[in-house]
Amino acid sequence: MSTPAPGAWGACRFCGVAVPSGAKECEICGAAAPLSAAEIRTAPRAVRRRLAMTGVLRAFIVVAVIGGLGYAIVSAVLAGPPNVPDPLTTAGTYTLAPGGITILSGEITGGDFVVGNFSSVAPVGASVELAVYNSTEWGLHTNGSVASPVYTIGAEPSARIVYSAPYTDTFYFVFTNPYPPTSGLNVTVYIATEYESNVGDDGFT
């Protein structure tokens, strides 16, 4: 039987982790009297079996962790980036009080489109107005100043929306019930919009 080299590492008799030569206790679990390299060779069969089992268990844990991380990375690569719906791609029904509004907003890249339509559903034939503001004009509008919309549709019971942004900005699509508060007329309107990129499949506009 060969003699272990000086400074050879031993092992904790409890958890099996490698312990520096001459250590009085295990640095991991705190168990006293770790086995030296020489003592490992002559330890009782039960002790050597426990050390072998803990070594196998640690190796299994390491392999499982590596495998799990690899699976997560490969799955993320294959799945691609998350598909987050654009806020200007939506459809829904809104009830507007007299003079009331509902707003759809989101960033549009210059040259891209927002298309869609709106239609009053109750009462049928009631009118709705649409005004689109860029971020600057919307700030003026919310402050009570005179603001100029970049796109409008007058009072109509239904209309098609086709708006092409000339530059990148956040745009606000403001749908308004044009009837005065004294009319007491609530208008329920169905609105559908879709963001469309102006970039073709070949990557060119």
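Two strands pair if DSSP finds at least two bridges between them. Keep that in mind for this tour of a predicted model.

**Whole chain.** Start with everything shown. The chain holds three helices and 10 strands. Along the sequence they run β-β-α-α-β-β-β-β-α-β-β-β-β. Of the 205 residues, 30% count as buried. The exposed area is about 12,500 Å², and carbon and sulfur atoms supply 61% of that. Now consider contacts between residues at least 6 apart in sequence: 70% of them join residues at least 24 apart.

**Strand β10.** Select residues 187-196. Seven of the 10 residues in β10 are buried, so the strand is mostly covered, with buried meaning under 20% relative accessible area.

Next, add residues 113-122, strand β5. β5 pairs with β10 in the antiparallel sense, over nine bridges. Zoom to Ala 122, which stands opposite Thr 188 in β10.

Then add residues 90-96, strand β3. β3 and β10 are also antiparallel, with seven bridges. Here, pick Thr 93; opposite stands Tyr 190 of β10.

**Helix α2.** Move to residues 45-79 and click Leu 57, which is found in this helix. Which residues join Leu 57 in a nonpolar surface patch? Select Phe 60, Ile 61, Val 65, Leu 69, Ile 73 and Val 77. With Leu 57, they make a patch of about 730 Å².

**Helix α3.** Finish at residues 135-142. Asn 134 caps the N-terminal end of α3. Show the Asn 134 side chain: one of its oxygens lies 3.2 Å from the backbone nitrogen of Thr 136. After the helix comes Gly 144, with a positive phi near 85°.

Note on methods:
Residues numbered from 1 in each chain as written. Predicted model: local features only at pLDDT ≥ 70, side-chain atom pairs only at ≥ 80, totals over all residues. Heavy atoms only, no water. Polar contact = N/O pair within 3.5 Å; in protein donor to acceptor, adjacent residues only side chain to side chain. Helix = DSSP H or I, 4+ residues; strand = E, 2+ residues; numbered from the N terminus. Patch = residues over 30% accessible without salt bridge, like charges linked within 9 Å, V, L, I, M, F, W, Y side chains within 5 Å. Areas by Shrake-Rupley, 256 points an atom, 1.4 Å probe, with all protein chains shown as cover. Salt bridge = Lys/Arg side-chain N within 4 Å of Asp/Glu carboxyl O. Buried < 20%, exposed > 50% of the residue type's maximum accessible area, 1.4 Å probe, protein only. Contact = heavy atoms within 4.5 Å.
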